[in-house]
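Okay, thanks for making time, everyone. Let me put the model up and then walk you through how it is put together.

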Amino acid sequence: MTEALVEVRDLKVHFPITTGVFFDRVVGHVKAVDGVDLTVPRGQTYGLVGESGCGKSTLGRAILQLTPPTGGEVRFDGVELTKLAPAKLRSMRRRMQMIFQDPMSSLDPRQNVESILVEGLAAHDIGGSRAERRQIIGKTLDAVGLPRWALSRYPHEFSGGQRQRIGIARALVLGPELIVADEPVSALDVSIQAQVINLLDELQGELGLTYLVIAHDLAVVRHISDVVGVMYLGALVEEAPSDRLYREPLHPYTRALMSAVPVPDPDIEDHRERILLAGDLPSPANPPAGCRFHTRCPWAQPTRCAEERPVLRDVGGTRVACHWAEQIASGELRPHEVRVELVRPADEGEAPAVVSAPSEPGAYL
Ligand SMILES: Nc1ncnc2c1ncn2[C@@H]1O[C@H](COP(=O)(O)OP(=O)(O)OP(=O)(O)O)[C@@H](O)[C@H]1O
C-alpha cells in the first residue's frame, strides 16, 4: 500500500454571502466545497475534473490552505494543516506548490525570470549564497527545458508554453513534494498542451512528485492520472483508477462528461452521441436537496434521489455517490428520454440527430 501524502476528510469551504450598506449581514453561504474526502498517495497523480464552478479550484486552494477551510481536515505527510500555527504552515508551504492556469496573470510582468525564481528561494531561505541560488535556478531551468538566457528576460518575451514552463520552474525551484496544478494547460494551444503535460509527467518520474491536477477537460487528465475524481456542485460524485473510470464510468454525471470527449477513431467519432444535460449547474448557494445531480440526471428515480443525499460508496473498486449505480450499470434502469445529439450533423435525408433514449446501456460511451 502506497503511503498517503495528502488526506482530505470532510473538507468544506462555505463563502458567506453578505448584504447591507454599512454592516455586512450574512444572508447565506456559497457551498463551494461541501464535504470532500480524498487521498493522494505519494508519487501519484490525482486528476480532479468537473464543469466550471463545481468547486475544483477552491478545493485545490483549501488543500494548500490558501483559502481557509470552513470545516474538515487536510493532512499533509501526516500533519494536520488546518490547525497549524502560521509560522509552521509557512515552512510547510515550501513542500506544497501551485501551478496556475494563466501564467501571464500569475507572473509579475515587471520581474525577469531570475527575479521570479530568486523570490521564492529568498522567501523560504533556500540556498545561502548567490552562487548557490544560481546553481539551484540553473538546474531548475534545465529541468523545465528553458535556456539559461531566459533568466534575464521578462514573461511577455515568451510564448504561452514557455511561460507555463516558467510557472512550473517557480514551483519546482523550492523542491516541493506536492504540486497542485490548476488547469495547467487550458490556456494553451492544443499542440502545446501535450508538451506541458509530458513535461509534468517526466518531472514526476525524475523527482518523485505528487500531483493534484485540476481540469474541466477529462481528456487532459486521462493519461497522467493514476486516480480521477469527478466533482459536481462541491462534492465528489465518483472516483476510480483512471483506466477504470474511462472504461466503465458509473455515475450518470461522469457518463455525461465522458460523452463529450472526442474519440480518435473517425468512424466512431462520426456516430458518437453526446448526452446533453438538462438545465444549468444549480447555484452552490442553494443546492438541490437529496442527490445534487438529480435535477439534471437522465436516470433520476421517483424514490430516494430527491430526498437522500448519496454517500460515496465502493462499487467494485470505484467510489460512486449514486443510489442506483448497480442498476444503471447492469442496464436494469434505463435513462428517461434524454437529449442526445450526434457529433456529426445529420446529412440531408438522414434522420435528425436529436432526442430519445439509447437502447443499449453504455451506448453513449
Ligand atoms: N472568494 C469567493 N467568494 C465567494 N464565492 C466564491 C469565491 N471563490 C469561488 N466562489 C464560488 O464558489 C464556486 C466554486 O468556484 P471554483 O472557482 O472553486 O470552481 P471551479 O470548478 O474551479 O470553476 P472554474 O474552473 O470556473 O474556476 C463558484 O460558485 C464560485 O463563484
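**Two domains and two sheets**

So, the domain assignment, which comes from an automatic or database source, splits this protein into domain 1 (4–232) and domain 2 (249–342). Before I go on: this is a predicted model, where local features need pLDDT of at least 70 and side-chain atom pairs count only at pLDDT 80 or more, while totals for chains, interfaces and linings use all residues. Residues are numbered from 1 along each chain as its sequence is written.

Taken over C-alpha atoms, the domain centres sit 30 Å apart. Where they meet, 16 residues of domain 1 contact 13 of domain 2; contact here is C-beta atoms, placed from the backbone, within 7 Å. On the domain 1 side, the elements giving two or more residues are strand 2 (25–41), helix 8 (218–222) and strand 9 (227–232). Strand 2 gives the most, six residues. Helices and strands, by the way, are DSSP runs numbered from the N terminus: H or I of at least four residues, E of at least two. That side of domain 1 has nine nonpolar, four polar and three charged residues. For those classes, Ala, Val, Leu, Ile, Met, Phe, Trp, Tyr, Cys and Pro are nonpolar, Asp, Glu, Lys and Arg are charged, and the others, Gly among them, are polar.

Now the sheets. One is an open sheet of eight strands, order 6-7-8-3-9-10-13-12, with mixed pairing, and pairing needs at least two DSSP bridges between two strands. Strand 6 (96–99) and strand 12 (313–315) are its edges, each pairing on one side only. Within it, strand 7 (178–182) and strand 8 (210–215) run parallel, joined by five bridges, and A181 has V213 as its partner in strand 8.

The other open sheet has four strands, order 2-1-4-5, all of it antiparallel pairing. Its edges are strand 2 and strand 5 (79–80). Helix 1 (56–63) packs on this sheet, touching strand 1 (4–19), strand 2 and strand 4 (71–76). Helix 1 also lies across strand 3 (45–49), strand 7, strand 8 and strand 9, at about 155° to strand 8. Angles run from 0 to 180 degrees between N-to-C directions, with axes fitted to C-alpha atoms, for helices over the stretch in contact.

So how buried is strand 9? Six of its six residues are buried, so strand 9 is largely enclosed by the rest of the structure. Buried means 20 or more other C-beta atoms within 10 Å of a residue's own, exposed means 12 or fewer, and partly exposed is in between; the C-beta atoms are placed from the backbone. V227, G229 and M231 cover one side, with V228, V230 and Y232 on the other. Strand 3 runs parallel to strand 9 over four bridges, with V49 opposite V230. Strand 10 (235–241) pairs antiparallel with strand 9 over six bridges. Those two form a hairpin with two residues between them, and L233 in the turn has a positive phi of about 45°.

Last, the largest nonpolar core: 88 residues, with I63, L212, V230, Y232 and L236 having the most contacts inside. Such a core is a set of buried Ala, Val, Leu, Ile, Met, Phe, Trp, Tyr and Cys residues joined through C-beta atoms within 7 Å. This core draws at least three residues from each domain.

How values were computed: Contact = placed C-beta atoms within 7 Å.
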